[in-house]
Amino acid sequence: MRFPPLSSTTDIATKAGQFDILTVGKYEVPIWAKQNWLLPMDNLPAEYAVDDLLKPVRDGLTFEGKLYGLPFYAESAMTYYRKDLFQKAGIAMPDAPTYEQIRGFADKTPTSRTRCTACACAASRAGARTWPTSPRW
């Protein structure tokens, strides 16, 4: 009789042992580490410089002071803007603007273009999508 393959969650929760290495994220690591479903990443080779990992990434893969995962990618968000247009509009960019603030800034920046000059871009999968944040498009 053939059984369907176990999911990684089922395998790890039942200690079936089908998988030696799993791809998990920052969400699962602390939950699974607390359940003793993961082994800490002890005795890494000296070439793997854990201190070079971005702190938020390292912290997200750590539980009770022990690293339980190694990242193969990380994501971040950033805002780019034209300082010259902000200066013309008398706008100062705060250190941590909200999306609503950014949309308001887009509405206040001067432009001579007929197409959108202020857009929000999100790349959560292959390829990026761009949405206009200003009604001037």
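The questions and answers below concern a predicted model of a protein, its overall make-up and the surroundings of a few of its residues.

Q: How many helices and strands does the secondary structure of the protein come to?
A: From the N terminus on, the elements run α-α-α-β-β-α-α-β-β. Counted by type, the secondary structure comes to five helices and four strands.

Q: What share of the residues of the protein count as buried?
A: The protein exposes about 11,200 Å², of which carbon and sulfur atoms supply 54%. A residue is called buried when its relative accessible area is under 20%. Of the 137 residues of the protein, the share that meets this description is 19%.

Q: Which residues is arginine 58 in contact with, leaving aside its neighbours within four places in sequence?
A: Arginine 58 has its place in helix H3, which covers residues 55–60. Its C-alpha atom is separated by 8.1 Å from that of leucine 70, a residue twelve positions away along the chain. The side chain of arginine 58 also reaches the backbone oxygen of leucine 53 at 3.4 Å. Once neighbours within four places are left aside, the residues in contact with arginine 58 are Val50, Asp51, Leu53 and Leu67.

Q: Why does arginine 58 have no salt bridge, and how far away is the nearest side chain of opposite charge?
A: A salt bridge requires a side-chain nitrogen of Lys or Arg within 4 Å of a carboxyl oxygen of Asp or Glu. Arginine 58 is buried, and the nearest side chain of opposite charge to it belongs to aspartate 59. Because the cut-off is 4 Å, no salt bridge is counted for arginine 58, the distance to aspartate 59 being 4.5 Å.

Q: Which residue forms a salt bridge with aspartate 59?
A: Aspartate 59 is partly exposed, with a relative accessible area of 38%. Its partner is four residues apart from it in helix H3, so the two are separated by about one helical turn. The closest N and O atoms of the pair are 2.7 Å apart, and the partner of aspartate 59 is lysine 55.

Q: Which side chain meets that of arginine 82 in a salt bridge?
A: The structure holds two salt bridges, and arginine 82 takes part in one with an N to O distance of 2.7 Å. Arginine 82 counts as partly exposed at 44% relative accessibility, and its partner is partly exposed as well, with a relative accessible area of 36%. The side chain that arginine 82 meets is that of aspartate 84.

Q: Is tyrosine 81 buried, partly exposed or exposed?
A: Tyrosine 81 lies in the loop between strand S2 (66–67) and helix H4 (83–89). Not counting residues up to four places away in sequence, it touches Phe86 and Met93, and the C-alpha atoms of tyrosine 81 and methionine 93 are separated by 8.9 Å. Because its relative accessibility is 34%, tyrosine 81 counts as partly exposed.

Q: How are the rings of tyrosine 81 and phenylalanine 86 arranged?
A: The structure holds four aromatic pairs. In the pair of tyrosine 81 and phenylalanine 86, the ring centres are 4.6 Å apart and the planes stand at 45 degrees, so the arrangement is tilted.

Q: Which residues form one aromatic cluster with Phe86?
A: Phenylalanine 86 is buried, with a relative accessible area of 8%, whereas tyrosine 81 is partly exposed. The residues that form one aromatic cluster with Phe86 are Tyr81 and Phe105.

Technical notes: Residues are numbered from 1 along each chain as its sequence is written. This is a predicted model: local features need pLDDT of at least 70, side-chain atom pairs count only at pLDDT 80 or more; totals for chains, interfaces and linings use all residues. Side-chain values use heavy atoms; hydrogens and water are left out. Contact means heavy atoms within 4.5 Å. A polar contact is a pair of N or O atoms within 3.5 Å; within protein, one must be able to donate a hydrogen and the other to accept it, and residues adjacent in sequence count only if both atoms are side-chain atoms. Buried means under 20% relative accessible area, exposed over 50%, partly exposed in between (1.4 Å probe, protein chains only). Accessible areas come from the Shrake-Rupley method with a 1.4 Å probe; for residues, only the protein chains shown count as cover. Rings of Phe, Tyr and Trp (its six-membered ring) pair if their centres lie within 6.5 Å; planes under 30 degrees apart count as stacked, over 60 as edge-to-face and the rest as tilted. Lys and Arg count as positive and Asp and Glu as negative; His and the chain ends are not counted.
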